[in-house]
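Reader: I have a new model on my screen. Walk me through the labels, please, and tell me what stands behind each one.

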Amino acid sequence: MGSFDRRAKVHELEQEFNRLFVRRRFNALQLARQIDSEIEPASYSVLATLQQMGPQRMTAIARHLGIGKPTLSRQLSTLEHRGFVEKATDPADGRAQMVSLTEEGRARLESAQGDRAERYLQMLTPWQEQEIETLSRLLAKLNKSYTEFDAEHDPALAHGSALPGAVNVKDPAGKPNENAADERAL
C-alpha cells in the first residue's frame, strides 16, 4: 500500500473514531443517568476508575483521567453528596485523603455496566465470535500503541498512570490484567 493509500485509510479510521467517540459520549450520558440523574456523564469515568484501581488519592484520579483538580473536586463533591464515594485519611500520609467507592456506588455502577454489557451482547448478535475477538484484540493493540507512542513522545507520561490506557486494571479475580482495554473507550 502506497503512502497515499495508507494516509487515506488512516483518515477513514480517524473518521470512524470520531463517530465512535460521539457514541461513547452518548453512552456515558446514558450510564450516568442510569446511575443517578444528578451526576455528570464524566462522573462515570471517576466511578469506573475507582472500580478498576481501588481507593486513590485525588491527584492519582485526576492524572489518570487527564482532568484538572477543580473539575475532579466538583465531580467528587456531587458523587460524595449522592453517597457513591467516600473520603478517608490516607494511612500512609495523614495529610492526604483516599477516595473510594461506597457499596451503593459500586452497586449502581455494576448495575449500569451489566445493562450495558447486555446491550452490547444483543447489539453484536449478528457478529461472528471471531469478529468480536478480532475487534477486542485490535482495540487492545491500539491502546498499547497509544501508551507506547505517548510515552515515547512525551517523557512526562513515560511512567504509567498518567496514561489512560496504561492502568494496571484488575480482572474479576483481582489479578492484574495488562491487556484490558480502557473502560472509558466505549
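Author: Let's start with strands β2 and β3, which pair in the antiparallel sense over six bridges. Bear in mind that this is a predicted model: local features need pLDDT of at least 70, side-chain atom pairs count only at pLDDT 80 or more, and totals for chains, interfaces and linings use all residues. Residues are numbered from 1 along each chain as its sequence is written, and side-chain values use heavy atoms, with hydrogens and water left out.

Reader: What makes β1 and β3 a pair too?

Author: Two strands pair if DSSP finds at least two bridges between them. β1 and β3 have two bridges, in the antiparallel sense, so they qualify under that rule. In that pairing you can look up Arg57, whose bridge partner in β3 is Met98. Over in the β2 pairing, Glu86 has Ser100 as its bridge partner in β3, and Lys87 stands opposite Val99 in β3. β2 and β3 also form a hairpin, with two residues between them.

Reader: Why is one side of β1 and of β2 left without a neighbour in the sheet?

Author: The three strands form an open sheet in the order β1-β3-β2, with antiparallel pairing. β1 and β2 stand at its edges with a single partner strand each, so each has one side without a neighbour in the sheet.

Reader: How do you know that β1 (residues 56-57) counts as a strand?

Author: Strands are DSSP runs of E with at least two residues, while helices are runs of H or I with at least four, and both are numbered from the N terminus. Residues 56-57 make up β1, so the strand rule is met. In total the protein chain has six helices and three strands, running α-α-β-α-α-β-β-α-α from the N terminus on.

Reader: Why is Ser43 called buried?

Author: Buried means under 20% relative accessible area, exposed means over 50%, and partly exposed is in between (1.4 Å probe, protein chains only). Ser43 comes out at 1%, so it is buried. This residue sits in helix α2 (residues 41-53). Leaving aside neighbours within four places in sequence, Ser43 is in contact (heavy atoms within 4.5 Å) with Gln75 and Leu79.

Reader: And what is Ala107 called, buried or partly exposed?

Author: Ala107, in helix α5 (residues 103-123), has a relative accessible area of 43%, so the label is partly exposed. For the protein chain as a whole, 29% of the 186 residues count as buried.

Reader: What makes the buried residues of α4 line one face of the helix?

Author: In α4 the buried residues are Leu72, Gln75, Leu76 and Leu79. Seen down the helix axis, they fall within an arc of 100°, so they line one face of α4. That arc is taken from the directions from the helix axis to the C-beta atoms. Pro70 and His81, on the other side of α4, are exposed. The cover over the buried residues of α4 includes α2, α3 (58-65), β2 (85-90) and β3 (93-101).

Reader: How do you know that the reach of α4 is close to the one expected?

Author: The expected span is 1.5 Å times one less than the number of residues. α4 (residues 69-81) has 13 residues and reaches 18 Å from its first C-alpha to its last, close to the expected 18 Å. Just after α4, Gly83 takes a positive phi of about 85°.

Reader: What is the pLDDT over residues 160-186, and how does the protein chain score on average?

Author: pLDDT is the predictor's confidence in each residue, from 0 to 100. The protein chain has a mean of 84, and 82% of its residues reach 70 or more. Over residues 160-186, though, pLDDT is below 50, and this stretch has 51 contacts in the model beyond near neighbours in sequence. Where pLDDT is low, the predicted coordinates should not be read in detail.
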